[in-house]
Amino acid sequence: MRRLLFASLLMTSAWPAFAQTVDADGAKALADTLAKYFGRSAIEGKIVNVAPAGDNYRITLSLAELFKGMPSRGINGDFISSDLLARPLADGTWNISTATPPDWIDTSTFTGSTYWSVKNAQMNGVFDPKLGTFSKSDFSYDGMKMRVAAGTQAADVTAGPVKGQLNGMANPAGGVDMGYTQTTGNFVETISLKSPLPAAPDDGAVTPAPTLPAPPSKVVFSSGEVTYSADAKGARNLEILDLWAYFVAHSDTKTLTDPQQAELKGKILAVLPIWEKLTGTYRFAGLDIDTPLGKFTAKNIVQEVDFDGVGKDGGYHVALRTNGLTYPPLPIPDWAKPLLPTDVELAFGAESVDLDTLVKAAVADMDLRRDEPFSDAFESNAAAAFVTNPPKVVIDKSMVRTAESEITVEGEVSFAGMKPTSRTTWEMAGFDAALDRLNNAAEHEPEVKNYVVFAKLAKDFGTQLPNGHMQWIVDQQADGSVSVNGNPVKGPDPVATPDDDDALDGTTLDDNIIDPDAGSDSDDANAPKQ
């Protein structure tokens, strides 16, 4: 994936005007356009170098040159050079392939060290400058190794083989639709944690004789297959790269003029909404987790994201799903073991999120010549807008399943005036079996009786559905009152008055907005206490 992004950035500005002839003049023209995205110093310092190579241009990224001028105690080590071959095609697109693939990096800093290597990396694709990405491409490598160490912690990762694709096409409504997939085999990550050495005594006491350090604690994650996929609809590739080129061109500018700031604001607004929709899925198949307690396993672990772009009514959702959980012998009572989850799905998000108004107001207010780019008035207005029209928190259908039961929940929480109002629906299958298990356990372990009392109370408030499930619809009002299936279980919160001992002195409570400059609460003497 990194190689494809590198190639995209390198080739974005390479238009057909000089794409038909491969010669020294074409190499210079290509280098000049690449300087817009990497800076003229990167070209002159040979960090990025372009040269003719037969019917291709050889484009080299040299990390050794990049880090050459950095302080020696900041980064040390050996660095790779990555070569790409770019062959111009008749339709203005480019065939991009690896020439000398990246091999390995070994770095060390005063905070730790990093080693990364790949074996037999290959990439080939067709880059379309009008899309700012590949219309079709694929990549692979036989294996990967990585080690990151800092202080008493270290992580070692091995994986391979790896295969992937990145493809794009124009979206009729604007922007680019892109799809990315990657499959990794034999993934293993080992996390090691060493016990810190005992501190030397500072009171003059004799230091005890050294003992052998304890072996490091290890947690090993392993999976036969890891897959990742992502899809972006209407991504503003070219506009994002145009904004990046602006930053590069003005990287040495200390103060922007009014026309320069106006140009910058126009480019930021052109990027919106960044994308129309972005979705992604990360999946571990057959995950084993070896710990000092024993081995935990999962048949699948999946993380999902579903994000709208910057809009007036956006939705942003995340989910974590796992199934087929098993456990090592744990120090818990036998009666509790069937209550351990076998499948878990947690899904939540936010709806009615107005990022469009916020971002556009921020761009209009921004002035990079001020010590603080955004004014106090903007920050106050943004906070007030959030209080007036906050996003809605959504609990998408979530679930916990055990060997004998299953409980689900879904609902939403709103914050009008910063006072939460919510409705959640809880449903449970196997409630009676769980209650029987608690009753049997209470005969031998008296402390379990507390759980039995709670479970019986929950059953009294629940509704029996035709399918045998128990259901609880929980409503919370803005005044703090709570009901379950229409039955009140908690009354409204106490109302604060100026005569209360715990009333806020020197403040006004008006729609939950505290005004520290006010001397009395004349507008709303019955405002709810915070």
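The second largest pocket of this predicted model encloses about 670 Å³ of space. Its lining consists of 23 residues, and those nearest the centre of the pocket are Ile407, Met428, Phe431, Phe454 and Ala458. Five elements each give two or more residues to this lining: strands S20 (406–414), S21 (421–429) and S23 (470–476), together with helices H9 (431–442) and H10 (449–461). Of these, H10 gives the most, with six residues. In chemical class the lining comprises 20 nonpolar residues, two polar residues and one charged residue.

Attention now turns to the nonpolar cores. In soluble globular proteins, nonpolar side chains tend to be buried together. The largest nonpolar core here has 38 residues, among which Leu34, Val48, Val50, Ile59, Ile96 and Met144 touch the most other members. Helix H2 (residues 24–38) gives the most to this core, with five residues. A second core, separate from the largest, holds 15 residues, including Trp335, Ala441, Val448 and Ala455.

Met144 may be followed further. When residues up to four places away in sequence are not counted, Met144 touches Trp116, Ser117 and Val118, as well as Val157, Thr158 and Ala159.

The protein as a whole provides the setting for these features. Its secondary structure amounts to ten helices and 27 strands. Of its 530 residues, 36% are buried. Among contacts with a separation of 6 or more, 60% join residues 24 or more positions apart. The accessible surface is about 29700 Å², and carbon and sulfur atoms account for 58% of that area.

Key
Residues numbered from 1 in each chain as written. Predicted model: local features only at pLDDT ≥ 70, side-chain atom pairs only at ≥ 80, totals over all residues. Heavy atoms only, no water. 1 Å grid on protein atoms, 1.4 Å probe; cavity = no way out; pocket = protein on both sides within 12 Å on 5 of 7 lines; lining within 4 Å. Points joined across faces, edges and corners; volume = space filled by probe spheres on them. Helix = DSSP H or I, 4+ residues; strand = E, 2+ residues; numbered from the N terminus. Nonpolar A, V, L, I, M, F, W, Y, C, P; charged D, E, K, R; others polar. Core = buried A, V, L, I, M, F, W, Y, C linked by side-chain atoms within 4.5 Å. Buried < 20%, exposed > 50% of the residue type's maximum accessible area, 1.4 Å probe, protein only. Contact = heavy atoms within 4.5 Å. Areas by Shrake-Rupley, 256 points an atom, 1.4 Å probe, with all protein chains shown as cover.
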